[in-house]
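Visitor: I am new to this structure and would like a close look at one part, namely the place where the two chains meet. Please set that part in its surroundings as well.

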Amino acid sequence: MIRKRRTATAVAVAVAVTLAAGCGRDSAGTDDEARSVAQGQATGDITVWAMGTEGEKLGAFAQEFMTENPGARVNVTAVPWDAAHQKLASAIAAKQTPDVSMIGTTWQGEFAGTGALDPTPTDLIREDAFFPGAWDTTVVNDTAYGVPWYVETRVLYYRKDLAAAAGFPTGPANWDELKAMAKAMQAGGAQWGINLQPGKTGSWQTVLPFAWSNGANIAGDDGYTFDSPEMTEALAYYQSYFTERLAPTELAEGALEPAFVRGDIGAFVSGPWHVGLLNEQGGAGFADKFGVVPMPAKKSATSFIGGSNLAVFKDAKNRDGAWKFIEWLSRPEVQVRWYAASAALPAVQAAWQDASLSGDANLKVFGDQLADVKAPPTFQTWEQVAAAFDIEVEKLAKSGEDPATVARTVQDRAASIGTGR
Amino acid sequence: MSGPTTTVVDAKPAAPPRKVGDRPAKRASKWRRAVTGWAFATPFTALFLVFMALPVVASLAMSVTDLRSTDLRNPLAVNFVGLDNYTRLFGDELFVRSAANTLVFVVVGVPLTMVLALAAASALNSGLIRFRALFRVGFYLPVVTSIVAIAVVWRFLLDPEAGLVNNLLRLVGVDGPAWLGNTDTALPSLIVMAAWRNFGFLMVIFLAGLQGIPQHLYEAATLDGAGRWQQFRNVTVPLLRPTLLFGAVVTGIGFLQVFEEPFVMTQGGPLSSTLSVSYHIYNQFGFGNYGYAAAASYVLFVAIVALSVLQFRLLGERD
């Protein structure tokens, strides 16, 4: 309640000013030119906002940058995820932005659309250093606004012991094998062959890899394109896990990990954070009992890429220092150390050659998967369309909605929401 | 305190003694009184205007524009769209759904809360219950407990596998549903939880109301041969009417604005069956649809006014 009221106030003040000004929504295609960054060390104060664990750990981590650049001071403000979106929106409206902020990849379109982000200086940051899928999340209307900081992607987790008994000792490689394995695991005594998100917030991140692997494209240059035979087929395949009772339609929060540890659930799709969670909950020796494989293939084995970017604001007081700090954070050796500090996967490809990443069998799978990933479109309205998609996925999984209807409904909703351009 | 206020207040005793019929002096003192009043009222009035009135007016203005979060730096892009946002609302499947859910919240939740509160207050007042202070604290505790802590406990209670509710049901051989995961039970579960969380506040008010009823009326009723139930119907309820009206209006507003319960317990799911209007507005602000969300807020505001008027008509003084 309080949060809502605060938004209204911030916005209201902005409106009070703007209403007097008049009208004319022209295309937000402001032709931004990336400006270059001055040579030499960074100087002055650099204010940074970062969310969650990153916000808590980045401050101490930046000490090293200050040692290398004695003239610069990095001030990190940790922002809770819940409040971050509003805080950034209010800051942009009031032109009281920090120099640098972490930006969730799915917010990139919206915030770049406000015209508040500084285009990435091409003389300082090299695009080809990053995973292409990660770089795409920074690009809005053909201009990059920011730099990928860390990434996450979805892979398939499976119980090695159950999979071996089911006849898939190295895990499933494609759609048919995944289905066969889930069935065999259930026949072998597991309560559920697999867990797939049955709707709810963020379920699109589990569904879209199946759609992309089947060749579906959810957006073109002009807008959303959810309604395709490929999408319908992928949705039907996803739904079959629920109709054949291979996957639960309701799993309480926090129930997945213990069920997987007990062997009640044979497999699930998730991101890198689950490796640590499972080792923690499974106790000693559990690390040998589960494995990860890239997303099962259909036409391809494309997964979802998410994570966070770093962006500099046009209203930054210390633009050059800000970009230099980002450039420093993007160096492979710094990315490796940041991985050690925060367990966030490097967005810079070269960092993956380090032994701490390439030597770990599970991490290697994530590294391999990152070569075949897609990001959702950077339209300003993506978050809203994703929420609509989540609702339809829930209908698909829980109330047996026809897959073709789901694809059409999502497309209708997406079309009425528009791309925001 | 600001300087001028002090000056004016200090100056007052120094004023010449008032003479009856002395018109200029009277005018001066009237004027001075007005200044003093305004001086005291100014700090509050200024804060109220800037932080309460202005946002309300601005959000009304906002509700007739297509303002989005991406326009924040580019005010020229905002268009006046008239009542478009309002007409769009009623074609929005989710808004209609949330309005229906909220209506259920009000229609079921308000009477439930009132009955719980009145029953608890009567029991505490009648002396039937021992350890009165303990119960009073116990019933009031949910009101002051953080919703987050409450959510953790209730989610545990309602857990389909390990939850206390379903474990108890299993003892009597009933297989309980996944309370929060089922479209039929999620909304009722939340209503019960919301009523439990809020009735303590009303109970305290009802208790005060009950204690304001003179004892001799009950004695007179007893002499006339009225039983407990008749006393309750013919003495307690009529005399408690203003208190009940207050309770109904406050609870009605609270349930129309219900947000926290679905937010922390179900995120509006499953299948939007617990999405409330406030939650829908919150989401729309989150998506950056500021104009649209402001329009929805005003529809909610009108609904609140309408419900309150209705309650005054039904429960208010009739003579």
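Guide: What follows is a walk from one chain to the interface, and then outward to some salt bridges and loops.

The model is a predicted one, and local features are described here where the pLDDT is at least 70. It helps to begin with chain B, which has 14 helices and zero strands, so that its elements, read from the N terminus on, run α-α-α-α-α-α-α-α-α-α-α-α-α-α. Of the 319 residues in chain B, 41% are buried. Among the contacts in chain B with a separation of 6 or more, 67% are between residues 24 or more positions apart. The accessible surface of chain B comes to about 17500 Å², and carbon and sulfur atoms account for 69% of that surface.

With chain B in mind, we can turn to the interface itself. Here 43 residues of chain A are in contact with 44 residues of chain B. The size of an interface is often given as the accessible area lost when the parts come together. For chain A and chain B, the buried area is about 3900 Å², and carbon and sulfur atoms give 60% of it.

Turning to the charged and polar pairs, the rule finds one salt bridge across the interface of chain A and chain B. In that salt bridge the side chain of Lys395(A) meets the side chain of Glu93(B), with a distance of 3.7 Å from N to O, which counts because the cut-off for such a pair is within 4 Å. Across the interface of chain A and chain B there are also four residue pairs in polar contact, with both residues of each pair at pLDDT 80 or more. On the side of chain A that touches chain B, the elements that give two or more residues are α1 (2–19), α4 (81–94), α5 (108–113) and α17 (382–398) of chain A. The largest share of that side comes from α1(A), with 10 residues. Sorted by kind, the residues on the side of chain A that touches chain B divide into 15 nonpolar, 14 polar and 14 charged.

The salt bridge of the interface can be set beside others, for the structure holds 19 salt bridges over all chains. In chain A, one of them joins the side chains of Asp264(A) and Arg262(A), at 2.8 Å from N to O. Asp264(A) is partly exposed at 21% relative accessibility, while Arg262(A), at 56%, counts as exposed. Another pairs the side chains of Asp368(A) and Lys364(A), at 3.3 Å from N to O. Both Asp368(A) and Lys364(A) lie in helix α16 (residues 361–369) of chain A, four residues apart, which is about one turn of the helix. Asp368(A) is partly exposed, with a relative accessible area of 43%, and Lys364(A) is likewise partly exposed, at 44% relative accessibility. Chain A also has a network of salt bridges that links Glu68(A), Glu327(A) and Arg331(A).

In chain B, the side chains of Glu261(B) and Arg197(B) meet in a salt bridge of 2.8 Å from N to O. Glu261(B) lies in helix α12 of chain B and Arg197(B) in helix α8 (residues 186–211) of chain B, so this pair ties together parts that are 64 residues apart in sequence. Glu261(B) is buried, with a relative accessible area of 3%, and Arg197(B) counts as buried as well, at 11% relative accessibility, because the cut-off for a buried residue is under 20%.

Two loop residues complete the walk. In chain A, Lys200(A) has a phi near 75°, a positive value in a residue other than glycine. Lys200(A) is found in the loop between α8 (175–187) and α9 (204–213) of chain A, where Lys200(A) is partly exposed with a relative accessible area of 37%. In chain B, Gln267(B) has a phi near 50°, again a positive value in a residue other than glycine. Gln267(B) is found in the loop between α12 (260–265) and α13 (277–286) of chain B, and at 37% relative accessibility Gln267(B) counts as partly exposed.

Key:
Residues are numbered from 1 along each chain as its sequence is written. Chains are lettered from A and ligands numbered from 1 in the order in which they are written. Side-chain values use heavy atoms; hydrogens and water are left out. Buried means under 20% relative accessible area, exposed over 50%, partly exposed in between (1.4 Å probe, protein chains only). Contact means heavy atoms within 4.5 Å. Accessible areas come from the Shrake-Rupley method with a 1.4 Å probe; for residues, only the protein chains shown count as cover. Buried area is the accessible area (1.4 Å probe) that two parts lose on being put together, summed over both. A polar contact is a pair of N or O atoms within 3.5 Å; within protein, one must be able to donate a hydrogen and the other to accept it, and residues adjacent in sequence count only if both atoms are side-chain atoms. Ala, Val, Leu, Ile, Met, Phe, Trp, Tyr, Cys and Pro count as nonpolar, Asp, Glu, Lys and Arg as charged, and the others, Gly among them, as polar.
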